[in-house]
Amino acid sequence: QQRVRGQLGGAGGARTGQHKNRAGIAGRQRLEAQHRLGDRTVLDMQWQRDRFVRHIQASAQTGKPLVVHTRSASEDTLALLSAHMDRQVGGVLHCFTESREVAEAALDLGMHISLSGIVSFKSAKDLQEVAKWLPLDRLLIETDSPYLAPVPYRGKRNQPAWVRHVGECLAQLRGISLEDLAQATTRNFETLFKVKTSSLGV
């Protein structure tokens, strides 16, 4: 059986469906699946799905994009997004590590895809193939610090400044300049979150 475990909230410990923060998002939802229930019950699984639905509904009600982290729970995630999300509001699957098929389904729902330092790992060959394929106008980059530092800092405490290394890796994979990638991902960020980076002092 599959277990769904949720870690609710965004920066500062957002409450599900209630948090409005400066980045203009409806908080953050994380779904993880494992093949054993462990000390959790089927009711726990349903509890997490119910909270995820509330989170999606909060996004639609507030007009704030969703930020979702799914890991080995893509079937549940996509089904609930398909049933409940507002595609005009959109959102992002952040720290993406899933397959091209999952990415295609998420894009069809109006989501963006954000890649972290994982894409720079030598072992991430499948993810690198997805990174080459992703439409440039739906791509975002991140560090997900303080974890998952990109090469050449893998294993160290991550920091936002190292997002450049994620960008350099992606630019090389896609055969484009770092400047072109930076311009595209900045534009995508501004489009999704409806904010000008200049207003953030960036």
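A residue counts as buried when its relative accessible area is under 20%, as exposed when that area is over 50%, and as partly exposed in between. These classes serve throughout the following account of a predicted model.

The protein chain contains six helices and six strands. Read from the N terminus, its elements follow the order β-β-α-β-α-β-α-β-α-β-α-α. Of its 202 residues, 46% are classed as buried. Among contacts in the protein chain with a separation of 6 or more, 66% join residues that lie 24 or more positions apart.

Helix α3, residues 100-108, illustrates how burial is distributed around an element. Its buried residues are V102, A103, A106 and L107. Viewed down the axis of α3, these buried residues fall within an arc of 135°, and therefore they line one face of the helix. The face of α3 turned away from this buried side carries E101 and D108, which are exposed. The cover over the buried residues of α3 includes helices α2 and α4 together with strands β4 (91-93) and β5 (111-115). Just after α3, G110 adopts a positive phi of about 90°.

Helix α4, one of the elements covering the buried residues of α3, also packs against another helix. Two packed helices are described by the angle between their axes and by the distance between those axes. For α4 (residues 125-133) and α5 (residues 163-174), the axes come within 9 Å and cross at roughly 70°. Because angles of 65 to 115 degrees count as roughly perpendicular, α4 is described as roughly perpendicular to α5. On the α4 side the contact is made by Q128, A131, K132 and W133, and on the α5 side by L170, L173 and R174. Sorted by class, the contact of α4 with α5 comprises four nonpolar residues, one polar residue and two charged residues.

Charged side chains also pair within the structure. Side chains of opposite charge can pair when their charged atoms come close. With a cut-off of 4 Å between a side-chain nitrogen of Lys or Arg and a carboxyl oxygen of Asp or Glu, the count comes to five salt bridges.

One of these salt bridges joins the side chains of D76 and R49, at 2.9 Å from N to O. This pair links distant parts of the chain, since D76 belongs to helix α2 (residues 74-84) and R49 to helix α1 (residues 42-62), 27 residues apart. D76 has a relative accessible area of 15% and is therefore buried. R49 is likewise buried, with a relative accessible area of 17%.

Other salt bridges lie within single helices. In α4, the side chains of K132 and E129 meet in a salt bridge with an N to O distance of 3.0 Å. Because K132 and E129 are three residues apart in helix α4, about one helical turn separates them. K132 is partly exposed, with a relative accessible area of 40%, and E129 is partly exposed at 45%. K132 thus takes part in this salt bridge and also in the contact of α4 with α5.

In α5, R164 forms a salt bridge with E168, and their closest N and O atoms are 3.0 Å apart. Both residues lie in helix α5, four residues apart, which is about one turn of the helix. The relative accessibility of E168 is 31%, so E168 counts as partly exposed.

Definitions and conventions. Residues numbered from 1 in each chain as written. Predicted model: local features only at pLDDT ≥ 70, side-chain atom pairs only at ≥ 80, totals over all residues. Heavy atoms only, no water. Axes fitted to C-alpha atoms, helices over the stretch in contact; angles between N-to-C directions. Helix = DSSP H or I, 4+ residues; strand = E, 2+ residues; numbered from the N terminus. Parallel < 35°, antiparallel > 145°, perpendicular 65-115°, else oblique. Contact = heavy atoms within 4.5 Å. Nonpolar A, V, L, I, M, F, W, Y, C, P; charged D, E, K, R; others polar. Buried < 20%, exposed > 50% of the residue type's maximum accessible area, 1.4 Å probe, protein only. Arc of directions from axis to C-beta.
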